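Got your viewer open? Let's take a walk around this protein, one selection at a time.

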Amino acid sequence: TPVIMHRFLVKLSSSSSNPLRNSKSQRLIFPLLPSSTTSDTLTASGSPPRTSSPTNRFLPPLGYPYPVDSFRNSPALSSNSRTLGGNGSRCISSESGRESIEYDVLIVGAGPAGLSAAIRLKQLCQEKNTDLSVCVVEKGAEVGAHIISGNVFQPVALDELLPNWRQEQSPIEIPASSDKFWFLTKNRAISLPSPFDNKGNYVISLSQLVRWLGGKAEELGIEIYPGFSASEVLYDASDKVVGIATKDMGISKDGSKKENFQPGVDIKGRVTLFAEGCRGSLSEKVIRKYKLREEVNAQHQTYALGIKEVWEIDESKHNPGEVVHTLGWPLDHKTYGGSFLYHMNDRQVALGLVVALNYQNPFLNPYEEFQKLKHHPAIKRILEGGTVLQYGARTLNEGGFQSIPYPVFPGGAIIGCSAGFLNVPKIKGTHTAMKSGMLAAEAAFGALHEDLNMNTYWDNLKDSWVWKELYAARNYRPAFEHGLLPGLAVSAMEHYVLKGKVPFTLKHGKADHEATDLARKCKPIEYPKPDGVLSFDVPTSLYRSNTNHNHDQPAHLRLRDSKVPENVNLPEYAAPESRYCPARVYEYVEDEEGKPKLQINAQNCLHCKACDIKDPKQNIEWTVPEGGGGPAYSHM
């Protein structure tokens with residue numbers, strides 16, 4: 001079974017004679033600290049890696065150490081495997097130097113949606129006394145490593161999926177105890193009536209919840225393979241999606257094969273579910289290829305960038321379950337966004353700032369706005385004397401109901417934040433993502449076992465509480481297109497009086513990249529230097545994210561036109577990529593002739609996807625790096 005296989009590999013990895021760990025093969029994917037012998041770590045301009053820090057104790061224990069050879073070593077992948085057909089078997093073959101593996105259902109992304117889909121599939125197999133093979137591939141080094149969210153968790157979907165979770169050792173422990181809503185000026189926090197109702201919800205770490213769900217999935221016989229980046233969609237002759245190809249490992253920066261080169265694997269599924277999260281790279285390709293937005297006249301997606309830290313604070317200031325949301329300062333009145341402060345367990349608080357990416361001023365720097373926030377008197381008094389445990393950033397969908405594409409395509413479906421089910425006024429999307437995964441799983445099971453159509457996913461989605469919830473909240477976000485005060489007035493009317501029952505639907509404004517004004521029309525913003533106590537420089541924060549990529553690989557951040565940065569972005573928009581990126585991936589340096597040239601520090605990347613969204617000319621394409629690269633979140 002996968003559980004036995006997992007234990008075997010852990011034992012194997014600890015052996016000095018392990019053939020998978022010799023110098024000419026890929027290292028096993030463990031959630032370890034960056035090693036100077038295998039990769040370069042996160043510094044902005046090539047400075048040496050730092051030594052270990054006390055914060056490293058918050059790295060997770062050894063997780064799911066599946067190297068490429070896992071596929072080959074598993075007894076279930078023997079040549080005696082029967083052909084697929086609802087019997088739970090899978091096939092492996094070798095063609096053109098690449099392994100090809102087939103499952104009944106392939107899920108790309110081990111987040112809340114993907115794991116919920118996998119679990120629901122196996123539950124249906126048990127209910128119907130049948131079996132389907134289910135595989136989940138995940139680009140993070142372990143399940144949960146790339147998961148980051150607020151998170152005040154609404155357990156409605158989990159109640160449906162695993163009704164007995166309260167009787168088990170789950171990481172859902174701290175019930176929300178109070179709701180506060182502040183309007184911030186530079187020096188004051190003005191209390192307002194809270195529009196949030198978090199009674200029955202929990203303050204959690206989503207990365208820990210996802211790790212727990214991964215364990216539940218494995219118990220059901222689901223195969224989870226972290227450390228594998230899905231880099232390509234596979235199609236058959238009829239243009240139907242039949243799976244994904246994982247990225248080759250061991251390619252150097254110049255494109256040549258290194259000694260440890262290993263070709264990627266073609267992983268095929270009779271049904272493929274994309275659960276890559278917000279702005280999923282393959283999900284976006286599928287949406288464009290099949291024109292899924294046009295299919296239902298959906299509007300473009302809108303996004304925000306969330307930046308978050310987890311702090312350990314003084315016990316006298318800690319109120320487990322306290323939930324605080326803010327609007328206003330440090331953002332200007334034209335920029336939509338706000339902050340959150342959630343009291344978790346063990347004297348920890350989650351502090352974050354969310355900035356809508358349709359901001360106009362190219363001089364705005366979301367990372368620096370977050371540093372300013374921590375110096376507000378109401379925030380500062382809580383953090384003083386505390387310690388930062390972890391840092392991270394990720395984009396989130398804000399388009400809501402208007403931006404949901406048709407989620408079914410030939411060969412599969414798009415689920416979770418890849419489709420965009422975030423409820424903006426609630427600031428919650430985990431419960432809707434999980435439910436979408438469950439509904440897609442039911443449709444996939446029907447398609448494979450009962451010869452039904454995957455379109456039942458769309459039909460059942462529209463009949464679900466997800467659809468009702470997002471429809472009622474549809475006008476909240478576009479109400480802020482004309483500024484903070486008009487947005488507050490309209491959204492308050494919607495929330496307290498009309499309750500989403502108005503006979504019209506507001507439209508979103510410009511796409512986020514089109515909203516950026518020319519630099520000459522905007523006022524430069526001067527940000528204070530970090531004090532090293534509450535505010536920090538980017539390299540310090542990056543270190544706390546445990547971000548790590550092998551330096552000697554082709555950059556996964558690609559320019560469609562190499563001349564645009566120097567000829568357009570720099571002179572016309574004052575180099576916005578050097579500011580909207582919360583990891584200092586992009587910086588302008590002097591070339592040999594003393595001219596400015598864009599330098600891409602891909603090893604810093606947090607996989608937030610802001611560059612793929614906000615670049616004014618859509619010149620940057622985010623693609624996956626080698627599997628296992630990126631942040632290693634444990635408390636986010």
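Start with the lining of the second largest pocket: its residues divide into 12 charged, six polar and six nonpolar. Keep in mind as you click that this is a predicted model. The pocket itself has a volume of about 470 Å³. To find its middle, select R279, E284, R288, Y303 and Q618, which are the closest to the centre among the 24 lining residues.

Which helix gives the largest share of that lining? Colour α6 (281–289) and you have it: α6 provides five residues. Then add α7 (292–295), α17 (610–614) and β25 (620–622), since each of these also supplies at least two lining residues.

Stay on α6 and pick K289. Its side chain meets that of D239 in a salt bridge, 3.2 Å from N to O. D239 sits in the loop between β10 (230–235) and β11 (241–246), so this pair ties together parts that are 50 residues apart in sequence. K289 is partly exposed at 36% relative accessible area, and D239 is partly exposed too, at 38%.

That is one of 22 salt bridges in the whole structure, so let's visit a couple of others.

Select D266 and R98 next. Their closest N and O atoms are 3.1 Å apart. D266 is in strand β14 (residues 265–274) and R98 in strand β2 (residues 98–108), which puts the partners 168 residues apart in the chain. Are they buried or exposed? Both are buried. Now add D248 to your selection: together with R98 and D266, D248 belongs to a network of salt bridges.

For a contrast, jump to helix α5 (residues 206–219), where K216 and E219 lie three residues apart, about one turn of the helix. They form a salt bridge at 3.9 Å. K216 counts as buried because its relative accessible area is 16%, under the 20% cut-off. E219, at 59%, counts as exposed.

Next stop: the largest pocket, with a volume of about 690 Å³. Show P195, P425, K426, Y476 and H495, the closest to its centre of 28 lining residues. Here the lining has 13 nonpolar, eight polar and seven charged residues. Helix α13 gives the most, six residues, and α12 (465–472) supplies at least two.

Finish on α13 (residues 484–498), where you'll find L498. Select L498 with M493, Y496 and V497, and you have a nonpolar surface patch of about 370 Å². L498 itself is partly exposed, at 33%.

Technical notes. Residues numbered from 1 in each chain as written. Predicted model: local features only at pLDDT ≥ 70, side-chain atom pairs only at ≥ 80, totals over all residues. Heavy atoms only, no water. Patch = residues over 30% accessible without salt bridge, like charges linked within 9 Å, V, L, I, M, F, W, Y side chains within 5 Å. Areas by Shrake-Rupley, 256 points an atom, 1.4 Å probe, with all protein chains shown as cover. Salt bridge = Lys/Arg side-chain N within 4 Å of Asp/Glu carboxyl O. Helix = DSSP H or I, 4+ residues; strand = E, 2+ residues; numbered from the N terminus. Buried < 20%, exposed > 50% of the residue type's maximum accessible area, 1.4 Å probe, protein only. 1 Å grid on protein atoms, 1.4 Å probe; cavity = no way out; pocket = protein on both sides within 12 Å on 5 of 7 lines; lining within 4 Å. Points joined across faces, edges and corners; volume = space filled by probe spheres on them. Nonpolar A, V, L, I, M, F, W, Y, C, P; charged D, E, K, R; others polar.
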